[in-house]
Protein chains: 2
Amino acid sequence: MTAMARKQIRGEALRERVLDIALELFSKQGYFNTSIHDIRRQAQVSIGAIYHHFESKEALARGLYLQLLDRIDAEIDAILMEQERCLARSRAVVSLLFELTEAEPQVMQFVLLAKHSEYLPDEPPICSSSPFVRMRQVLEEGIVAGEVRQMEPWVAATAMFGGAMRMMNLRLDGALQKPLPSYLDEVVECGWRAVLT
Amino acid sequence: MTAMARKQIRGEALRERVLDIALELFSKQGYFNTSIHDIRRQAQVSIGAIYHHFESKEALARGLYLQLLDRIDAEIDAILMEQERCLARSRAVVSLLFELTEAEPQVMQFVLLAKHSEYLPDEPPICSSSPFVRMRQVLEEGIVAGEVRQMEPWVAATAMFGGAMRMMNLRLDGALQKPLPSYLDEVVECGWRAVLT
DNA sequence: GTCTATAATCCGATAGAC
DNA sequence: GTCTATCGGATTATAGAC
């Protein structure tokens, strides 16, 4: 019990602590400006412990990236189960992204805005990841259902969600003073007008 | 004349050659994956020559960034002189961005899509740079003129240009098969519907 | 499983000749 | 102005004790 008494962290808890700190530093400083020693110092663990749980710095970043992407994907999945119509789905997705950006800016910074291809060379581009594919499908199904006018699906998807993503970008860069959800109605209305029949 | 006979490059020509190669490598591999030695090798110049023209690797990247930003700004300036109305201006800007992305993908990759804050920590975020400010002003003036409906200017600008910028992103990531200009009409129509009175 | 110490490598920048 | 050679430092990853 002395180990626990000294508040040392071990096993799975240590692994998750390292992931937490890595997310914080990667999103704040970027992958290349963050050394393994930075993570070691902030997480108060040893280099050896980190390399016991992760094969390499790149594998650590990849694990973090895929885990967070999965989480977002699960939340989008839940929305698609709940909502049937294109407008309601789109609104719920934008709302989710806006809320997440406010609640966990680091997650959005790291997952959606970072240039993963520079440090995860073998990962497919994020636009082909499941959350983005689902978002495009929302629009494609809207076209089939006649809720969205006949148009190139890529254009429909970027028209619906592109403005929202730029707003997230501006918020994370400090350009927007007010929290994103306060813009939700206007942003969704713009996106919907853009694709409406 | 022996130096020229050996096709050695000197002076201003060398400086520009270094900038060219730096753009190519930075945009293809990223800033941190590109070493000064990579640039030296590809440009066939010496380390000493590079450090004679540029104070540091960071200063080299900053010079490149500001130069390309200025160039885009000048082109947007020309559009604003030519066109008076909001729709025509917006269309011309999107057209310019699309053409530029096809003609010089590296420029757009490096200027618009890279995370400059990671290696140019003292530069202001790109959303506060002149081209982006002008693009927002186009929409603000459209609101004043009654061409665009009354709305939050940030939302209007992201609604008009956000979809186009996502399309550029998709094209640079290899997701879109057809060149961007073939989507111009649809993209501009979407943006305009989004903000139309 | 976790630790410390260190190996092996690479990078940005400088020195000094020409 | 341009070159070559090299320094000092930081980084990732490993070795081996506990």
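Which of the 18 residues around DNA strand C come nearest? They are Arg10(A), Gly11(A), Ser46(A), Tyr51(B) and Lys57(B). A residue counts as near a strand if one of its heavy atoms lies within 4 Å of it. This is a predicted model: local features need pLDDT of at least 70, side-chain atom pairs count only at pLDDT 80 or more, and totals for chains, interfaces and linings use all residues. Residues are numbered from 1 along each chain as its sequence is written, chains are lettered from A in the order in which they are written, and side-chain values use heavy atoms, with hydrogens and water left out.

**Surface near DNA strand C**
- Eight nonpolar, eight polar and two charged residues make up this surface. Gly is classed as polar here.
- H4(A) gives the most, with five residues.
- Helix H2 (11-29) and helix H4 (47-53) of chain A, and helix H4 (47-53) of chain B, each supply at least two residues. Helices are DSSP runs (H or I, at least four residues), numbered from the N terminus.

**Contacts to the backbone of strand C**
- Of the strand C atoms within 4 Å of the protein, 66% belong to sugar or phosphate. The rest belong to bases.
- A backbone N or O atom of Gly11(A) lies 2.4 Å from a phosphate oxygen.
- Ser46(A) places a polar side-chain atom 2.4 Å from a phosphate oxygen.
- For His53(A), a polar side-chain atom lies 2.9 Å from a phosphate oxygen.

**Relation of the two chains**
- A turn of 180 degrees and a shift of 0.0 Å along the axis lay chain A on chain B with an RMSD of 0.0 Å. That is the relation of a two-fold axis.
- The superposition is by least squares on the C-alpha atoms of residues with pLDDT of at least 70 in both copies.
- The copies meet through the same surface, because 100% of the interface residues of chain A are also interface residues in chain B. Contact means heavy atoms within 4.5 Å.

Notes:
Polar contact = N/O pair within 3.5 Å; in protein donor to acceptor, adjacent residues only side chain to side chain.
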